[in-house]
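Subject: Structure for you to look through

Dear colleague,

I am handing over the structure we spoke about, so that you can turn it around on your own screen while you read. My notes on what was found follow directly below.

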Amino acid sequence: MSAPRALRLHAQDNVMVAVDEIRPGDAPVGAPVAVERVPRGHKLATAPIAIGEPVRKFGQIIGFASTAIAPGQWVHDHNCAVTHFDRDYGFCQDARPAAILPVESQATFQGFRRAGGKAGSRNYLGILTSVNCSATVARYVAREVEKSGMLADYPNVDGVIALVHGAGCGMASKGEGFDVLARTQWGYAANPNMGGVVMIGLGCEVFQIGRMKDERGLKESDLFNTLTIQATGGTRKSIEAGVERVKAMLPLLNAAKRETLPASELVLALQCGGSDGYSGITANPALGAAVDILVGNGGTAILSETSELYGAEHLLTRRAATPAVGQKIVDLIHWWEDYAARNGGELNNNPSPGNKAGGLTTILEKSLGAAAKGGTTVLNAVYRYAEPVTAKGFVFMDTPGYDPVSATGQVAGGANVIAFTTGRGSAFGCKPTPSIKLATNSDMYRRMEEDMDINCGDVLDGVTIEQKGREIFDKILAVASGERSKSEALGYGDAEFVPWQIGAVL
């Protein structure tokens, strides 16, 4: 019987990752004899690690020994903990500008060209709400349209979606929380995957539609309408009015046709959820390879989840285009340290129980694997949550690590495709932006094949990161051209609109 497999990821590492389950007495190639069981995806010590000495994986510090660790022992949260230590930010030292392909050599996809010049991968009609009080009416409008069967007459329309939320009132009328909601709402309204928008409010809420239109210079048009329940005359009249506005918009949306567009128009949101010990070895670096291809084709990729960058921020500061861009990353980390402390938590409250069961021990380890999604090119810009992304290439957006909240900010920023890696098997989808699910290991892929678009577990069997990156990039082009992702086929996306709610609820 062959020995179980284990991987040493860097010459400086003092742990190896168990590809297969390791039992006491097993001797994986290149590893000491195991003195205890090491589950799949977890870590085996390869050298003595004294109390307080760093535990290294990826050639980086993922924690410090909380007890003495002997070679062959299982390394996890019972003997490895997070302790503060200084990082070498090395601003801009590893910045490597991407080599952009000539226009005639760039990849293409079949998308929707919008009047403002942006490109969409989908053609939805969105029903947005200013406040939770109008959520039911918005849902009823979408339900009535669906029940009527009228969408069958408009094959170029991907659907009518009600995207509702729990905020909009009981909040301050100015400040950070209000600004985040405003950016999110109008970011969704302007996302190129939205062919048209109806926004419904109650009328007396803090988040006033009229105020937002004035502040942002928005005008009612054939493809952007608003109404309030109070002014329209109540629930039933508002539902009827909403349905009539949708009816008027559908022929206009249906007139849009897919056309050949350059891949430089793609704005790819990068997400990971339900991560495991394989995430930083298979799916995340493979997605990073796809990002490098996209950036080389003139496109844009948005890395986010700031609370899951903690411990790996120095990898981005070293890739920053300028010291000012790098300093923004450091400032965000300090904000998050304070934010967690103010709310009685700490950043190492992440990883989740599922992450730990999959082999991730500390937030440092999780972050180092998560950062691999961003590829290797220069970091060109850093954005606030839901801020419009205007730079090309690799960029960062400040978001929480919680997947629905993070993805909502990226879509508000303009993302027209999402790539989502998972090791435990996250069930996630998004509207109006399709989400491509990448499995980190073959066992989970086989269990949840109905949910997973690509299996990256075969990287452990010899498929190269470069080959898998090309496969992911080709899938991104196909989905952007109209191929439905697995989450779309299952109907995901209506409930995953979750704006980040910051500040007191009054």
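Before the first item, one term is needed: a pocket is an open set of grid points, on a 1 Å grid over the protein atoms alone, with protein on both sides within 12 Å along at least five of seven lines. Please also keep in mind that what you see is a predicted model.

The pocket

The largest pocket has a volume of about 750 Å³. It is lined by 34 residues, and those closest to its centre are Ala189, Ala190, Asn191, Pro192 and Met194. If you want to find the walls in the secondary structure, look at strand 8 (108-113), helix 2 (176-190), strand 12 (194-201) and helix 5 (235-254), each of which supplies at least two residues of the lining. Helix 2 gives the most, with five residues. Sorted by class, the lining of this pocket has 17 nonpolar, 10 polar and seven charged residues.

The cavities and helix 10

Closed spaces were searched for as well, and there are two cavities of 30 Å³ or more. In general, it is by rolling a probe the size of a water molecule over the atoms that one sees where empty space is left.

The largest cavity holds about 60 Å³ of space, and of the 13 residues that line it, Gly280, Leu360, Glu365, Lys366 and Gly369 lie nearest its centre. Its lining has four nonpolar, five polar and four charged residues. The second largest cavity has a volume of about 40 Å³, and its lining is made up of Leu303, Ser304, Glu305, Glu308, Leu309, Ser367, Ala370, Ala371 and Lys373. By class, four of these are nonpolar, two are polar and three are charged.

Which helix gives the largest share of the lining of the largest cavity? That share, four residues, comes from helix 10, and helix 10 also provides the largest share of the lining of the second largest cavity, with three residues. It is therefore worth asking how helix 10 (residues 363-371) sits in the structure: nine of its nine residues are buried, so the helix is largely enclosed by the rest of the structure. Buried here means under 20% relative accessible area, and the buried residues of helix 10 include the charged pair Glu365 and Lys366.

Two helices that pack together

Helix 6 (residues 283-296) and helix 13 (residues 465-480) pack at an angle of about 65°, with their axes 7 Å apart, and the crossing is right-handed. On the side of helix 6 the contact is made by Pro285, Ala286, Leu287, Ala289, Ala290, Ile293 and Leu294, while helix 13 brings Ile465, Lys468, Gly469, Arg470, Ile472 and Phe473. Taken by class, this contact has 10 nonpolar, one polar and two charged residues.

Backbone details in the loops

Most residues other than glycine have a negative phi, and most peptide bonds are trans. With that in mind, three places in this model deserve a careful look. Lys431 and Pro432 are joined by a cis peptide bond, with omega at about 15°, and Pro432 is found in the loop between strand 19 (417-422) and strand 20 (435-439).

Cys92, which is not a glycine, has a positive phi of about 70°, and Cys92 lies in the loop between strand 7 (80-81) and strand 8. Ala386 has a positive phi as well, near 65°, and is found in the loop between strand 17 (379-383) and strand 18 (393-397). Are these two residues buried or exposed, or in between? Cys92 counts as partly exposed, at 21% relative accessibility, whereas Ala386 is buried, with a relative accessible area of 1%.

Two further loop residues

Gln106 is found in the loop between strand 7 and strand 8, and with a relative accessible area of 13% this residue is buried. Leaving aside neighbours within four places in sequence, Gln106 is in contact with Ile100, Leu101, Pro262, Ser264 and Asn297.

Met448 lies in the loop between helix 12 (442-447) and strand 21 (454-455), where, not counting residues up to four places away in sequence, Met448 touches Arg424 and Gly425. Met448 and Gly503 are 55 residues apart in sequence and 38 Å apart in space, C-alpha to C-alpha.

With best wishes

Definitions and conventions
Residues are numbered from 1 along each chain as its sequence is written. This is a predicted model: local features need pLDDT of at least 70, side-chain atom pairs count only at pLDDT 80 or more; totals for chains, interfaces and linings use all residues. Side-chain values use heavy atoms; hydrogens and water are left out. Buried means under 20% relative accessible area, exposed over 50%, partly exposed in between (1.4 Å probe, protein chains only). Axes are lines fitted to C-alpha atoms, for helices over the stretch in contact, and angles run from 0 to 180 degrees between N-to-C directions. A crossing is left-handed if the near helix is turned anticlockwise from the far one by less than a right angle, and right-handed if clockwise. Contact means heavy atoms within 4.5 Å. On a 1 Å grid over the protein atoms alone, a cavity is a set of points where a 1.4 Å probe fits but cannot get out, and a pocket is an open set with protein on both sides within 12 Å along at least five of seven lines; lining residues have an atom within 4 Å of a point. Grid points are joined across faces, edges and corners, and a volume is the space filled by probe spheres set on the points.
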